[in-house]
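Q: Please take a close look at one part of this model, the aromatic residues and what lies around them. Give the cut-offs as you go.

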Amino acid sequence: MASVNPELRQQVISIYKQLLYLGRDYPQGYNYFRPRLHRAFMANANLTDEAEIRRAIARAQFVQKEIEALYYLKRYRTLRKRYDGA
């Protein structure tokens, strides 16, 4: 990992931390989310080509947006049920 661009390494660590933070509210629980996230990142730990690392970072950012969308949808449905059901 020493030969990898330090900027890319920082981006990977940052997206990992952001995903861990988002996983706190995951519907199936943090204990379900965290090991799967760790496994997903460890599966790509051997990447050395910068283009491949950038693709993996882009995929992680896509997953982050999908999780955020899941949370917004959950919140929207809760509010709608709360106010429309009355």
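A: The charged end of arginine 36 sits over the ring of tyrosine 32, 3.8 Å from its centre; the criterion is NZ of Lys or CZ of Arg within 6 Å of the ring centre and within 35 degrees of the ring normal. This is a predicted model, in which local features need pLDDT of at least 70 and side-chain atom pairs count only at pLDDT 80 or more, while totals for chains, interfaces and linings use all residues. Residues are numbered from 1 along each chain as its sequence is written, and side-chain values use heavy atoms, leaving out hydrogens and water.

The structure holds 3 aromatic pairs (rings of Phe, Tyr and Trp, the last by its six-membered ring, with centres within 6.5 Å; planes under 30 degrees apart are stacked, over 60 edge-to-face, the rest tilted). Tyrosine 26 and tyrosine 32 are stacked, because their ring centres are 6.1 Å apart and their planes lie at 10 degrees. The rings of tyrosine 26 and phenylalanine 33 have centres 5.1 Å apart and planes at 40 degrees, so that pair is tilted. Tyr26, Tyr32 and Phe33 form one aromatic cluster.

Within this cluster, phenylalanine 33 is buried at 9% relative accessible area, whereas tyrosine 26 at 23% and tyrosine 32 at 32% are partly exposed (buried is under 20%, exposed over 50%, partly exposed in between, with a 1.4 Å probe and protein chains only).

Tyr26 is also among the residues touched by tyrosine 71, together with Leu22, Gly23, Asp25 and Pro27, not counting residues up to four places away in sequence (contact means heavy atoms within 4.5 Å). Tyrosine 71 is buried, with a relative accessible area of 15%.
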